[in-house]
Amino acid sequence: AAFGLLGKQANKRDADEVALTGMLNPRNPSSIQSGAVKALLHGWKAKATPEIVARWSALAPAVRQTVVNEALSQTDTTLALLAALEKGAVSPADLDAAQRQRFSKHKNKTIRERAAKALKMSGNADRQKVVAAFRPALQLKGNIANGKAVFVRLCAVCHQPPTGEPLGPDLRSITDKSPEGLLIAILDPNQSSDPRYLAYNVDLKDDTSLVGRIVSESGASLTLRSADGANHVILRSQIAGVAGSRLSIMPEGLEQGMTKQELADVIAFVGEGLGK
């Protein structure tokens with residue numbers, strides 16, 4: 001609440017902006033960082049956006065969501081965010097479907113047209129070649145039982161681990177279960193990854209680092225879930241730095257562990273047999 005009082009005195013605006021920008025630190029709770037974002041974007045508007053975007057890789061998912069939602073609430077900050085997307089400082093993968101739709105349905109025609117280009121995710125050319133190479137799998141009849149075995153071998157460690165907490169989403173909740181959609185999701189996971197499932201690297205003051213998905217936060221700590229399904233509770237006082245990647249926590253290269261028939265089988269299992 002106090003952040004909203006800053007920037008009211010003309011002779012202190014610069015100092016107040018510096019103070020608020022300094023709050024965008026992973027040692028601070030996301031609630032504090034989000035409060036600073038709101039104060040900056042409402043008090044300094046587009047002028048503050050580059051300073052926030054410059055810290056983008058260190059912002060937790062909840063704070064990134066606040067940045068995008070608050071920026072989209074005003075035309076000048078929307079334009080500033082759009083410029084960051086066009087420059088590549090912010091990735092389309094960092095926005096969820098609702099936020100991308102706010103861009104595509106914006107009342108300003110120029111913003112709609114620029115956003116249509118900026119939000120077009122071209123994908124990794126090498127991954128596109130892999131998708132093309134494995135597309136014949138869509139012509140094969142999948143075996144659900146065999147697909148379950150492939151899923152257990154390659155996918156269950158993240159989606160349905162035998163111990164620990166799942167790293168990835170519950171696949172029963174995915175909306176596009178078409179064979180084509182699943183093919184792309186398996187072979188090119190970074191093409192349209194959910195911002196909630198992006199990988200973060202957390203460097204600690206003891207010169208160690210952890211990689212995983214931020215699953216929860218409190219004022220004093222954050223919880224990182226690593227690929228083995230284990231949760232790591234990290235005190236903010238232990239953090240040396242946080243860097244968010246633009247990559248899904250799901251790795252590329254799963255095709256190296258399966259044939260086209262096995263891919264057809266796992267597509268059949270996820271699309272039709274999961275949960276049975």
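**Exercise 1.** Describe the overall make-up of the protein chain in this predicted model, beginning with its secondary structure.

*Solution.* Start with the secondary structure, which in the protein chain comes to twelve helices and five strands. Next take the extent of the C-alpha trace, which spans about 70 × 50 × 30 Å along its principal axes. Then turn to the surface: the protein chain exposes about 13900 Å², and carbon and sulfur atoms supply 54% of that area. Finally, consider the interior, where 43% of the 276 residues count as buried.

**Exercise 2.** Find out what share of the contacts with a separation of 6 or more joins residues 24 or more positions apart.

*Solution.* Among the contacts of the protein chain with a separation of 6 or more, 68% are made by residues 24 or more positions apart.

**Exercise 3.** Locate the largest nonpolar core, and follow one of its residues to the neighbours that it touches.

*Solution.* The largest nonpolar core holds 40 residues, and I52, V90 and F103 have the most contacts inside it. As a second step, look at the elements that each supply at least two residues of this core, among them the helices α2 (30-43) and α7 (109-118) and the strands β1 (198-204) and β5 (239-248). The largest share, five residues, comes from α2. Now follow V90, which, when residues up to four places away in sequence are not counted, touches V53, W56, L81, A84, L85, L95 and R246. To finish, note a second, separate core of 22 residues, which includes V130, F134, L187 and V270.

**Exercise 4.** Determine how far apart the mean positions of the positive and negative charges of the protein chain lie.

*Solution.* The protein chain carries 35 positive and 27 negative charges, and their mean positions are 6 Å apart.

How values were computed: Residues numbered from 1 in each chain as written. Predicted model: local features only at pLDDT ≥ 70, side-chain atom pairs only at ≥ 80, totals over all residues. Heavy atoms only, no water. Helix = DSSP H or I, 4+ residues; strand = E, 2+ residues; numbered from the N terminus. Buried < 20%, exposed > 50% of the residue type's maximum accessible area, 1.4 Å probe, protein only. Contact = heavy atoms within 4.5 Å. Areas by Shrake-Rupley, 256 points an atom, 1.4 Å probe, with all protein chains shown as cover. Lys, Arg positive; Asp, Glu negative; His and termini not counted. Charge placed at Lys NZ, Arg CZ, Asp CG, Glu CD. Core = buried A, V, L, I, M, F, W, Y, C linked by side-chain atoms within 4.5 Å.
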